[in-house]
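Hi everyone, and thanks for making time for this. I'd like to walk you through a structure that is new to most of us, so please have a look at it while I talk.

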Amino acid sequence: MIKTIRKLCGSSTLWVAYSGGMDSHVLLHLLAQHRHQFPQSIQVVHVDHQLQSQSANWAEHCRHIAGSLQLPFHRLNVTVTNIKQSGLESAARSARYDAIIKLINGDGILLTGQHLQDQAETLMLQLLRGAGNRGLGAMKAISFWKTLQIVRPLLAISREELLEYATAHQLQWIEDPTNQDTEINRNFLRHQVWPLLQRRWPAINRNLSRSAQNLQESQALLDELAQQDLLTLEADLQDGSLSTDKLLVLTEARQRNVLRFFMAKLNMALPSRINLQRIVDEVCGAVIDAQPQVIWHENIARRYQNRLYLSRLILLSPMCSPELIHDQQPKLLDQQHRLVWQSQQSNGIRAELFSSGLTLKYRQGGEKIQLVGKTHHQSVKKLFQQWQIPVWQRDNIPLLFADKQLVAIVGYACAEIAKPQSEQTGWVPMIERICQGDFD
């Protein structure tokens with residue numbers, strides 16, 4: 001087990017997600033007992049979701065256990081939102097991992113305590129939801145949540161083995177009373193269905209786990225095919241678009257496969273099979289002058305100039321007031337996009353303009369800019385038309401001003417007046433999509 005963790009984690013700082021339950025306690029204790037084999041730091045993080053009246057007491061229990069193991073402890077309090085839309089488990093997970101990302105800030109790997117039965121249950125739940133290969137692959141040993149790398153070293157270990165270890169080392173863990181609530185699907189499966197299945201098929205956990213691994217391998221092959229198809233379809237990850245004409249040439253199975261893959265890359269919840277087919281038939285297959293769209297969850301599929309655009313219903317949220325920028329640090333625009341800077345010789349915005357501050361705001365109407373190499377000003381409105389930017393995106397493209405003069409249309413062009421001198425370094429503003437990753 002220790003060799004597995006060292007192989008999966010390398011020399012990164014280890015952050016152990018410690019809930020206080022048996023599974024994570026075993027993982028934490030195991031790492032503490034073998035800390036001499038880990039030259040890197042081992043940190044303990046506990047997230048209080050504040051959903052239970054006893055949660056503060058659980059947090060103190062976790063602090064005490066971490067202290068007894070002489071490991072640094074970090075407590076995070078979060079507020080769980082969007083429960084009705086996402087479900088409690090998904091909403092709590094989002095709140096938990098978003099908070100941990102801010103704490104870790106790219107420095108380390110998060111270890112969690114999911115085990116063999118968790119994996120088997122996840123596959124079964126996904127099967128009951130009618131999931132495809134990607135969902136039936138259940139949890140991976142290594143996955144990502146946005147920029148956070150998550151490692152699950154116990155996926156091949158049974159709960160009985162963990163209980164044996166916990167008992168042998170006299171570990172004290174918390175029993176969350178909600179784990180007995182059979183109104184929750186996973187608990188119903190665990191307490192009502194699983195004992196019956198195990199009596200008939202004693203090896204069910206390992207068998208289903210093996211099936212999940214096989215499905216992960218199948219999905220990897222489908223992803224390779226989809227990646228090749230995206231190149232053919234001239235897909236643009238930044239604006240979430242691809243060629244409709246070239247999509248419709250593919251077989252129906254490959255159409256669905258590449259669209260699912262592209263949506264996953266864009267951090268979108270996958271639509272139902274019916275809505276996915278509607279996107280192909282009603283959006284991609286509509287007559288040229290139509291304005292079709294398909295909406296699912298908080299996402300929308302639209303077509304413009306023979307390209308399919310997949311996006312959130314609201315791409316960027318225009319700020320209520322302008323913001324000043326004095327350096328080239330990335331700036332968060334919303335949950336899915338950030339402003340980043342690329343250094344280029346003799347191009348972009350020269351360094352001295354940052355000292356006075358660049359104003360970031362959105363289009364109000366009437367803006368004009370003199371692009372590099374041009375002798376006259378052009379209206380932003382006409383440029384957007386020339387660049388064939390979809391109408392719904394235009395008011396959400398950030399603009400940068402220096403002393404009230406427009407110096408950059410972020411992601412598209414910079415002004416002549418902002419250009420650095422020959423052989424000097426300039427900074428080109430871009431919009432970068434924040435990848436959600438492949439979290440299971």
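Let's begin with one pair of residues: Leu332 stands opposite Arg338, and Arg338 belongs to strand E13. Before I say where that pair sits, please keep in mind that this is a predicted model.

So, the strands around that pair. E12 and E13, the latter covering residues 337–345, run antiparallel to each other and are held in register over 2 bridges. They belong to an open sheet of 4 strands, ordered E12-E13-E21-E14, with antiparallel pairing. At the edges are strand E12 (331–332) and strand E14 (349–350), each of which pairs on one side only. As a general reminder, strands of a sheet pair through backbone hydrogen bonds, either parallel or antiparallel.

Now let me step back to the whole chain. It has 16 helices and 21 strands. Its C-alpha atoms fill a box of roughly 80 × 50 × 40 Å along the principal axes. The chain has 440 residues, and 45% of them count as buried. If you take the contacts between residues at least 6 apart in sequence, 67% of them join residues at least 24 apart.

Next, a pocket. How much space lies in the second largest pocket? About 470 Å³. The lining of this pocket is made up of 23 residues, and the closest to the centre are Gln238, Asp239, Gln393, Tyr412 and Ile431. Two elements give two or more residues to this lining: strand E10 (307–312) and strand E21 (425–433). You met E21 a moment ago in the sheet order, and here E21 gives the most to the lining, with 3 residues. By type, the lining residues divide into 12 nonpolar, 7 polar and 4 charged.

Let me finish with three single residues, and I'll start with His49. You'll find His49 in the loop between strand E2 (42–48) and helix H3 (55–68). Is His49 buried or exposed? His49 has a relative accessible area of 18%, and because the cut-off for buried is under 20%, His49 counts as buried. Leaving out residues up to four places away in sequence, His49 touches Val78, Val80, Ala92 and Arg96. With Arg96 there is also a polar contact between the side chains, at 2.9 Å.

The second residue is Gln219, which lies in helix H10, residues 204–232. Gln219 is buried as well, with a relative accessible area of 9%. Which residues is Gln219 in contact with, once we leave aside its neighbours within four places in sequence? Those are Asn133 and Arg134.

The third is Leu248, in helix H11, which spans residues 244–249. Leu248 has a relative accessible area of 37%, so this residue is described as partly exposed. Not counting residues up to four places away in sequence, Leu248 touches Gln255, Val280, Cys284 and Gly285. If you'd like a distance to look up in the viewer, try Leu248 and Met139: from C-alpha to C-alpha they are 33 Å apart in space, with their positions 109 residues apart in sequence.

That's my tour, from the sheet to the pocket to the three residues. Thank you for listening!

Note on methods:
Residues numbered from 1 in each chain as written. Predicted model: local features only at pLDDT ≥ 70, side-chain atom pairs only at ≥ 80, totals over all residues. Heavy atoms only, no water. 1 Å grid on protein atoms, 1.4 Å probe; cavity = no way out; pocket = protein on both sides within 12 Å on 5 of 7 lines; lining within 4 Å. Points joined across faces, edges and corners; volume = space filled by probe spheres on them. Nonpolar A, V, L, I, M, F, W, Y, C, P; charged D, E, K, R; others polar. Buried < 20%, exposed > 50% of the residue type's maximum accessible area, 1.4 Å probe, protein only. Polar contact = N/O pair within 3.5 Å; in protein donor to acceptor, adjacent residues only side chain to side chain. Contact = heavy atoms within 4.5 Å. Pairing = 2+ DSSP bridges.
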